[in-house]
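The following explanation is intended to be read beside the sequence and the model. Please keep both in view while reading.

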Amino acid sequence: MTIKMMMMMMMMMMCITAVLFDLTAADTCDSDRHALLLRLNQDLLRSTGNQESLPNPSIHIALRLSPQHNLVKETQYLNQLKTKFHKDIQSTLDKRQPVLGRLALYVMALKASCHDLSSVSLLTDEKSEPLLTHLKKQMEVEKDHIAFAHRPLTNYYQYSLGILALCVSGVRVNPHVSHKLTHAALHNQFKHDDTVSVDTLAMAGMALQCLKEGETQVKNKDLEKALTTIKQKLLESQRADGHLGNEFSTGLAVQALLAMGNNVDECGTSMTALRSDARKGSYHNAMAISQTLPALQQRSYLHLKNKECLNESDSLVLEPVKVVLSTLPDIHVQVNVEVVKADGSSSNFQVNVPSGSSLFESLTLLQRQQTDFKFEKEDSLWGPFLSVVNGEQARQSDRRYWHIASDGKGLSQGIKDYKIEAAQKITIKNTAY
Ligand code: B12
């Protein structure tokens with residue numbers, strides 16, 4: 001054996017040892033994580049069987065980004081998106097209401113299935129135009145709105161989704177459109193509920209990173225600066241418990257860091273926090289799983305750009321679930337509800353609800369018991385959004401919403417997901433944003 005061959009063998013042995021060491025290290029930090037990811041993937045797939053709500057493109061994207069598939073169910077869901085969700089977008093367009101974010105997600109869902117985007121069209125003023133033409137037009141409308149009102153018609157999260165959808169579909173993005181996003185990123189304009197919106201930072205990061213990777217000419221300094229700022233803010237948003245922002249923004253934030261080339265360690269605090277949330281059952285809303293699962297699988301929305309849909313592993317099967325009939329315990333708790341209207345006037349109500357009821361169930365009970373309390377909701381991809389309280393609407397068009405807090409702390413979930421476990425005061429306040 002020559003010295004050269006001996007050296008090569010030694011190097012190979014060292015590589016194998018390093019890989020084995022890596023695998024052991026990863027497995028020691030969480031040996032059950034493959035089973036956990038499989039369960040989340042199955043939960044997401046199972047949610048596609050829910051016929052009560054509209055099909056959700058975000059769910060389809062996550063299913064398609066996963067390394068494991070159920071191709072029959074995914075095709076069925078894609079068909080539902082192309083019929084039901086498509087119809088919903090068309091009717092929103094007909095009513096001339098904002099549709100940007102949902103349109104962008106729809107484009108990304110089709111791209112995730114390698115669907116020919118030019119074959120899908122929408123109607124405006126009785127003229128049929130391809131989806132991507134619509135999306136480009138919507139972005140122009142938003143850009144002009146930012147120039148005039150210093151904010152988008154919808155929000156920067158949806159504006160970023162729009163850029164991302166165009167970029168992963170290989171469509172050139174008008175530099176004036178992307179400039180508005182870099183400018184907003186550099187001027188701290190991503191807010192949610194009075195604090196920095198980590199979800200928006202993440203979505204903007206993925207959109208700008210996609211543009212950066214497509215650049216052929218000279219470096220765009222503003223783009224580079226905006227990406228550096230976003231990355232820094234995402235890292236700074238880390239809490240002591242490992243979350244980047246809160247439990248519902250961490251998945252998107254990890255996706256963005258991965259897209260920007262950061263190494264997000266499987267055993268690091270953010271990934272560990274996500275897995276611990278998943279085990280606690282924090283992600284029972286399918287929308288939350290859809291934004292988190294790709295991150296846990298070390299994927300990001302940027303992977304859609306080169307998606308090929310070839311040789312996919314058709315191995316995801318649904319096992320029958322045991323139906324556990326849960327009855328609420330016979331413990332009742334008192335909920336005080338304060339409604340603060342736009343003019344500052346407030347009214348107070350009281351209701352006793354079984355512990356474990358959702359806020360939605362509690363408000364429904366209150367409405368049934370007291371004639372002077374009424375509320376309405378609107379459907380969204382996250383579930384029911386509280387829109388009207390005691391006849392007063394807090395509308396997106398007026399940049400107002402009903403902010404919900406429990407004992408003074410803003411809820412991190414909506415009315416259907418938030419559970420009332422103990423006596424508390426719920427404040428529902430008409431708030432400007
Ligand atoms: C922008 C935004 C808002 C804006 C939306 C209006 C606007 N035009 O800007 C405002 C400020 C109104 C808002 C309010 C709230 N939000 Co918000 N919001 C977002 C954000 C950043 C983007 C949403 C979006 O545009 N999606 C894109 C489009 C395509 O999807 P869509 O479903 O059509 O979008 C609409 C709904 O998402 C709805 N919406 C916005 N927030 C929420 C929250 C809930 C629970 C529901 C049901 C609907 C809803 O408004 C969107 C625009 O019309 C997301 C981040 C994310 N990761 O999704 C957080 C997010 C969805 N919001 C969240 C929360 C907690 C709230 C509030 C409950 C906060 C509070 N304490 O009051 C309230 C909702 C209260 C209510 N009345 O029911 C959480 C939800 C987590 C969860 N598990 O449910 C998220 C994920 C942020 C986070 N990481 O904590 N939000």
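The paragraphs below pass from the metal site to two buried residues, then to an internal cavity and an annotated domain.

The model is a predicted one. A suitable starting point is the cobalt atom of the ligand, for which the protein supplies a single donor, His192. The donor atom is NE2, and the distance from this atom to the cobalt is 2.3 Å. In the chain, His192 belongs to strand β3, which covers residues 191–192. What geometry does the site of the cobalt atom of the ligand have? The site is octahedral, with six donor atoms and angles among them of 83 to 174°. For comparison, the ideal angles for six octahedral donors are 90 or 180 degrees.

From the metal the reader may turn to Phe85, a residue of helix α4, which spans residues 71–94. Is Phe85 buried or exposed? Phe85 has a relative accessible area of 0%, and therefore counts as buried, since the limit for that class is under 20%. When neighbours within four places in sequence are left aside, the contacts of Phe85 are Leu54, Pro55, Pro57, Gln80, Arg102, Tyr106 and Leu381. Leu100 stands 15 residues from Phe85 along the chain, and the C-alpha atoms of these two residues are 14 Å apart.

Ser300 offers a second case of burial. This residue is located in the loop that runs between α13 (286–296) and β5 (332–340). Ser300 is classed as buried because its relative accessibility is 1%. Which residues does Ser300 touch, not counting those up to four places away in sequence? They are Leu65, Met206, Gln255 and Ala259.

The next feature is enclosed space within the protein. The structure contains one cavity of 30 Å³ or more, and the largest cavity holds about 30 Å³ of space. Its lining is made up of Lys136, Met139, Glu140, Leu166, Arg172, Val173, Asn174 and Val177. Helix α6, residues 131–149, gives the most to this lining, with three residues.

Finally, a record adds a named region to the picture. An unreviewed UniProt entry carries the annotation "domain: Transcobalamin-like C-terminal" for residues 356–431. Across residues 356–431 of the model, 47% of the chain is strand and 14% is helix. The C-alpha atoms at the two ends of this stretch are 27 Å apart.

Technical notes. Residues are numbered from 1 along each chain as its sequence is written. This is a predicted model: local features need pLDDT of at least 70, side-chain atom pairs count only at pLDDT 80 or more; totals for chains, interfaces and linings use all residues. Side-chain values use heavy atoms; hydrogens and water are left out. Donors are N, O and S atoms within 2.8 Å of the metal (3.2 Å for Na, K and Ca); water is not among the atoms, so sites may look incomplete. Four donors count as tetrahedral if all angles lie between 85 and 135 degrees; four count as square planar and six as octahedral if opposite donors are over 155 degrees apart and all others between 65 and 115; anything else is irregular. Helices (H or I, at least four residues) and strands (E, at least two) are DSSP runs, numbered from the N terminus. UniProt positions are given in the numbering used here, feature names are shortened, and annotations may be inferred rather than shown by experiment. Buried means under 20% relative accessible area, exposed over 50%, partly exposed in between (1.4 Å probe, protein chains only). Contact means heavy atoms within 4.5 Å. On a 1 Å grid over the protein atoms alone, a cavity is a set of points where a 1.4 Å probe fits but cannot get out, and a pocket is an open set with protein on both sides within 12 Å along at least five of seven lines; lining residues have an atom within 4 Å of a point. Grid points are joined across faces, edges and corners, and a volume is the space filled by probe spheres set on the points.
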